[in-house]
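Let us take a walk through this protein together. Please have the sequence and the 3D view at hand as you read.

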Amino acid sequence: MVRKQHDPRDRFVVILARPESVENIGLAARAMKNTGFGNLRIVGRSKVEIACPRTAVHAKDILREASFYADLASATADLNVVFASTAKPRQNFFVLPLDEAVSKMFTFPPDARIGLLFGNERTGLTSAELASSNFRWTIPQASRQPSYNLAAAVLITLFEVFRRLTMGEEIIGPSPFFAGREGHEIPLPRSDQEQCIRLILQKLEEREFIHPTNRCHTTQMLHDLLGRLAMTDRDRKLLLAVFSHAGENGERKRPA
């Protein structure tokens, strides 16, 4: 397949968080090659560990060029929007079905870098890892299996993105989903978004809105709410001004 100079697939980054199986990593790379995506980041493993598994058929170049990170925050720091895959119901995080999540991806400006985050094969993503994303999605399934295999989840997701991008064309071209988005502000890098969320949480703790008995529940819900905002610089300035003003002038009162 011929790639254009500015291939819209290049802004998508696949992130594997704490994968256990080298074979699954190879299969995920193969799924990326099948659908024409090339940016792979791996959290919690080193390049030395990922040799060239036989499962990475015609995709060993993706493994050679993959980036490796010690933690998820480093792996997502420069991305503007992160979508995370989950198979489990999440009490404090809003979860979209896959088709809606993919549609959401294409509402962001073409220059916004988008991360597609997948968790460990056995345990999936932790609540803390989900809090590092803006949106969560799940892949529907008919059986009672607890989840799709990691590589299968990567392939299904990338194929849906690929299908939307190609829209029946043989060569990747501009997608109608991008229409009218050029003038929209790009979300801040995730590192800046997370710093703003931490400052807001700190303000709420100082006012005792967040306290030991509600900390976990409230913190997760706020990460979900503020994450789905996909915060721009303008959003950040407004939020920090509001919470700073409330912290200076509001009365401290613990919620009932």
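The paragraphs below go from the whole chain to its helix pairs and then to single residues.

Before anything else, keep in mind that this is a predicted model. The protein has 256 residues, and 46% of them are buried. Its secondary structure consists of nine helices and seven strands. Towards the outside, the protein exposes about 13,100 Å², and carbon and sulfur atoms supply 54% of that area. What about the contacts between residues at least 6 apart in sequence: what share of them join residues at least 24 apart? In this protein the share is 81%.

Helix α6 is a good place to begin with the helices. Helix α6 covers residues 150-166, and helix α4 covers residues 98-105. The axes of these two helices come within 10 Å and cross at roughly 50 degrees. Angles from 35 up to 65 degrees fall in the oblique class, so α4 is oblique to α6. The crossing of this pair is right-handed. If you would like to find the contact in the 3D view, look on the α4 side for Leu98, Asp99, Val102, Ser103 and Met105. Their partners in α6 are Ile156, Thr157, Glu160, Val161 and Arg164. Sorted by class, this contact of α4 with α6 holds five nonpolar, two polar and three charged residues.

Helix α6 also packs with helix α1, which spans residues 22-35. Here the axes are 8 Å apart and the angle is about 15 degrees. Angles under 35 degrees count as roughly parallel, so α1 is roughly parallel to α6. The crossing of α1 and α6 is right-handed. From α1, the residues Asn24, Leu27, Ala28, Ala31, Met32 and Thr35 take part in the contact. Across from them, α6 brings Leu150, Ala151, Val154, Leu155, Leu158, Phe159 and Phe162. Which classes of residue make up the contact of α1 with α6? There are 11 nonpolar and two polar residues, with no charged residues.

Now turn to another pair, helix α7 (residues 190-206) and helix α8 (residues 215-228). Their axes come within 11 Å and cross at roughly 140 degrees. An angle has to be over 145 degrees to count as roughly antiparallel, so α7 is oblique to α8. The crossing of α7 and α8 is right-handed. In α7, look for Arg190, Ile197, Ile200, Leu201, Leu204 and Glu205. These residues meet Arg215, Thr219, Leu222, His223, Leu226 and Gly227 in α8. By class, the contact of α7 with α8 contains six nonpolar, three polar and three charged residues.

Between α7 and α8 there is a loop, and Glu208 sits in it. The phi angle of Glu208 is near 65 degrees, which is a positive value in a residue other than glycine. Is Glu208 buried, partly exposed or exposed? With a relative accessibility of 36%, Glu208 counts as partly exposed.

Arg18 has a positive phi too, near 55 degrees, and is likewise a residue other than glycine. You will find Arg18 in the loop between β1 and α1. Its relative accessible area is 29%, so Arg18 is partly exposed. From Arg18 you can step across to Gly44, which is 26 residues away along the chain. The C-alpha atoms of Arg18 and Gly44 are separated by 4.9 Å. Gly44 belongs to the loop between β2 (40-43) and α2 (60-64). Setting aside neighbours within four places in sequence, Gly44 is in contact with Tyr69 and Ala70.

Two more residues round off the walk. Pro97 lies in strand β5, which runs over residues 95-97. With a relative accessible area of 28%, Pro97 is partly exposed. Pro97 and Thr138 are 41 residues apart in sequence, but their C-alpha atoms are 5.1 Å apart in space. Asp7 is found in the segment before β1 (12-17). Is Asp7 buried or exposed? Its relative accessible area is 4%, and buried means under 20%, so Asp7 is buried. Asp7 and Gly36 are 29 residues apart in sequence and 9.7 Å apart in space, taken from C-alpha to C-alpha.

Methods: Residues are numbered from 1 along each chain as its sequence is written. This is a predicted model: local features need pLDDT of at least 70, side-chain atom pairs count only at pLDDT 80 or more; totals for chains, interfaces and linings use all residues. Side-chain values use heavy atoms; hydrogens and water are left out. Helices (H or I, at least four residues) and strands (E, at least two) are DSSP runs, numbered from the N terminus. Buried means under 20% relative accessible area, exposed over 50%, partly exposed in between (1.4 Å probe, protein chains only). Contact means heavy atoms within 4.5 Å. Accessible areas come from the Shrake-Rupley method with a 1.4 Å probe; for residues, only the protein chains shown count as cover. Axes are lines fitted to C-alpha atoms, for helices over the stretch in contact, and angles run from 0 to 180 degrees between N-to-C directions. Angles under 35 degrees count as roughly parallel, over 145 as roughly antiparallel, 65 to 115 as roughly perpendicular and the rest as oblique. A crossing is left-handed if the near helix is turned anticlockwise from the far one by less than a right angle, and right-handed if clockwise. Ala, Val, Leu, Ile, Met, Phe, Trp, Tyr, Cys and Pro count as nonpolar, Asp, Glu, Lys and Arg as charged, and the others, Gly among them, as polar.
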